[in-house]
Each structure stands twice: as structure tokens, then as C-alpha cells.
Amino acid sequence: MITLFGRATSSNVQSVAWALNELGLAYERHDVGGVHGGTNTEEYRAMNPNGLVPTLQDGDLIMWESGAILRYLAARYGNEAFWPSDPVRRAPLDMWAEWAKTTFGQILIYQLFHGLVRCPPSKIDHAAMERSLGLLHAAVPRLEARLGDGPYIGGETFTFADIAIGHLLYRYYTIPMERIETPNLDAYYVRLQERPAYRDHVMVSWESLRGKD
Ligand SMILES: N[C@@H](CCC(=O)N[C@@H](CS)C(=O)NCC(=O)O)C(=O)O
């Protein structure tokens, strides 16, 4: 039995929930973190010493770090297309998954989502947000160019790299901020929305996370 600990509004939890559903795995999800609390108990800290979500339990295996969880699920349960066994075919996908986590996601979630949405309006640092937006606008054309080569990050087929990047796009397209013109990325976002698991587990309103004065 697989258990996912983490609130449905967390983008990191969403990537894992989306992967579990794409892979057709049965699992239970427990609301932990944010308004639900539960991350500071001895029992939870024994599983995840960071006190963050998500945490995944699969039999005797307990894991934290959503990127590592995604790779684990893909490697254990994914088919050859979703997680190529050939390291040379997998490497470029992994490169994009890493870029999503360390570059695109860092700017989008930890700078802009936190700075524009989670921050109380009177405390928004507009100069810092302008700088972050500049970084985002410099990064996005790389993704736009990549998506000019095929419908998915790896080309013709949907892979774990699409989850690593795609789960961030609901935030990307809904945060109240300026976006540059990206026809390929826009079409990709529409393509992802055709997947029921994306609609159900990623397109989750973040209204409850909005900072208030
Ligand atoms: N690098 C970690 C980051 C985990 C993280 O920052 N999780 C946030 C939610 S997205 C969290 O636990 N926030 C506190 C909470 O929800 O109580 C991962 O990818 O799993």
C-alpha cells in the first residue's frame, strides 16, 4: 500500500499525486501541512525530519523530496516510455526535470508565488518581484524553444519530465503577473489539461494560500 502525506494545495505534493495517478497506482493521501498541521509531531518527523510535505510511504520505504519521489515512482512503476532504462535516453529528460526544480520552480514558486501570492499585499517587495520576473522571463524562452521540437519535453511521448515541469504550469499561468508570449508553452499547457490526472491533482485552487494583511 502506498501512502502520500501532504496537502492537496502544495505544488510538490501535486507532482507526486499526478505521478501516482498517471501510473495507475492505488494510494491513500492524508492531508498534512499548512492549515492541516501534523508536520511537527514526533511520528511525522521520524518519517520526514524536514517537517515538510510531501512524504511517501511505499511498504517499508519512506521518502521525502518530491523530485526524488517522482524518479523512484517512475523507475519502479513506469514503463519504458515514461522512464527510459537507457541512461543516454533518460539523461536529457532528467536534465529538464532538474532544471524545473532548481531554476524554473525556484524562481516561480519560491520567489514569485511566495512573493506575490502568499505574501500579505502590503508587504509585497515590488522591486524584488520585478527582478524575479526578469529572471523568469529569461528562463521561459528555453522551455518555449524545447517545446518547439515536439509535443512533450522528451519529444513524442509523455514522460516523468513532463510531470517535473508540468505541475508548475498551473501556478505559472494563474499567478497574477505578466507573462511573455509563448505559443508552444501555451499549447503544451492545453495538452496537459487534457489529462484527467492533471486537472484533478494539479489544477487545485491556491486561493486558500493567499496572504492577508
Ligand atoms: N524540496 C522539497 C520542498 C518541500 C516543501 O517546501 N514543501 C512545502 C509545501 S510545497 C511545505 O511542506 N510547506 C510547509 C507546509 O505545507 O506545512 C520537495 O520538493 O519535496
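Is H167 buried or exposed? In this predicted model, H167 has a relative accessibility of 7%, and because buried means under 20% relative accessible area, H167 counts as buried. Select it as the opening stop of the tour: H167 sits in the loop that joins α6, residues 160–166, to α7, residues 169–174. With the side chain displayed, look for the backbone oxygen of A164, which the side chain of H167 reaches at 3.1 Å. Then widen the selection to the surroundings of H167, where, once neighbours within four places in sequence are set aside, the contacts are S11, Q14, S15, W18, D162, Y198 and V202.

**Helix α1**

From H167, move to S11, which is among its contacts and is placed in helix α1. S11 is buried as well, with a relative accessible area of 6%. Not counting residues up to four places away in sequence, S11 touches I109, H167 and R171, and displaying those side chains together shows the surroundings of this residue.

Now select the whole of α1, residues 11–22. The helix has 12 residues and reaches 16 Å from its first C-alpha to its last, which is close to the 16 Å expected at 1.5 Å a residue. Colouring by accessibility will show a helix that is mostly covered, with 10 of its 12 residues buried; the buried residues are S11, N12, V13, Q14, S15, V16, A17, W18, A19 and L20. Both ends merit a closer view: at the start, a side-chain oxygen of S10 comes to within 3.2 Å of the backbone nitrogen of N12, while just after the helix G24 adopts a positive phi of about 70 degrees.

**Where α1 meets α3**

Keep α1 on screen and add helix α3, residues 66–77. Two packed helices are described by the angle between their axes and the distance between the axes. For this pair, the axes come within 9 Å and cross at roughly 5 degrees, and α1 and α3 are therefore roughly parallel to each other. To see the residues that meet, select N12, S15, V16, A19 and L20 on the α1 side together with S66, I69, L70 and L73 on the α3 side. Sorted by class, this contact has 6 nonpolar and 3 polar residues, and no charged residues.

**Loops with unusual backbone geometry**

Step next to E65, in the loop between β4, residues 61–64, and α3. The phi of E65 is near 80 degrees, a positive value in a residue other than glycine, and E65 is partly exposed, with a relative accessible area of 45%.

The loop between β3 and β4 holds D60, which is exposed at a relative accessible area of 81%. For a sense of scale, draw a distance from the C-alpha of D60 to that of F158: the two residues are 98 apart in sequence and 29 Å apart in space.

P54 is the next selection, in the loop between α2, residues 42–47, and β3, residues 55–58. Which peptide bond is cis, with omega near 5 degrees? The bond from V53 to P54 has this geometry, and displaying the backbone atoms of both residues makes the arrangement easy to inspect.

**Helix α5 and its partners**

Turn now to helix α5, residues 126–146, whose 21 residues reach 31 Å from the first C-alpha to the last, close to the 30 Å expected at 1.5 Å a residue. Select A128, M129, S132, L133, L136, H137, A139, V140, L143 and E144, which are buried. The helices against which the buried residues of α5 pack are α4 (87–118), α6, α7 and α8 (183–193), and each can be shown in turn.

**R199 as a last stop**

Finish at R199, which lies in helix α9, residues 196–201. R199 is partly exposed, having a relative accessible area of 41%. Leaving out neighbours within four places in sequence, R199 is in contact with Q193 and E194. The backbone oxygen of Q193 lies 2.8 Å from a polar atom of the R199 side chain. A final distance, drawn between the C-alpha atoms of R199 and T3, spans 21 Å, although these residues are 196 apart in sequence.

Methods: Residues are numbered from 1 along each chain as its sequence is written. Side-chain values use heavy atoms; hydrogens and water are left out. Axes are lines fitted to C-alpha atoms, for helices over the stretch in contact, and angles run from 0 to 180 degrees between N-to-C directions. Helices (H or I, at least four residues) and strands (E, at least two) are DSSP runs, numbered from the N terminus. Angles under 35 degrees count as roughly parallel, over 145 as roughly antiparallel, 65 to 115 as roughly perpendicular and the rest as oblique. Contact means heavy atoms within 4.5 Å. Ala, Val, Leu, Ile, Met, Phe, Trp, Tyr, Cys and Pro count as nonpolar, Asp, Glu, Lys and Arg as charged, and the others, Gly among them, as polar. The expected span of a helix is 1.5 Å times one less than its number of residues. Buried means under 20% relative accessible area, exposed over 50%, partly exposed in between (1.4 Å probe, protein chains only). A polar contact is a pair of N or O atoms within 3.5 Å; within protein, one must be able to donate a hydrogen and the other to accept it, and residues adjacent in sequence count only if both atoms are side-chain atoms.
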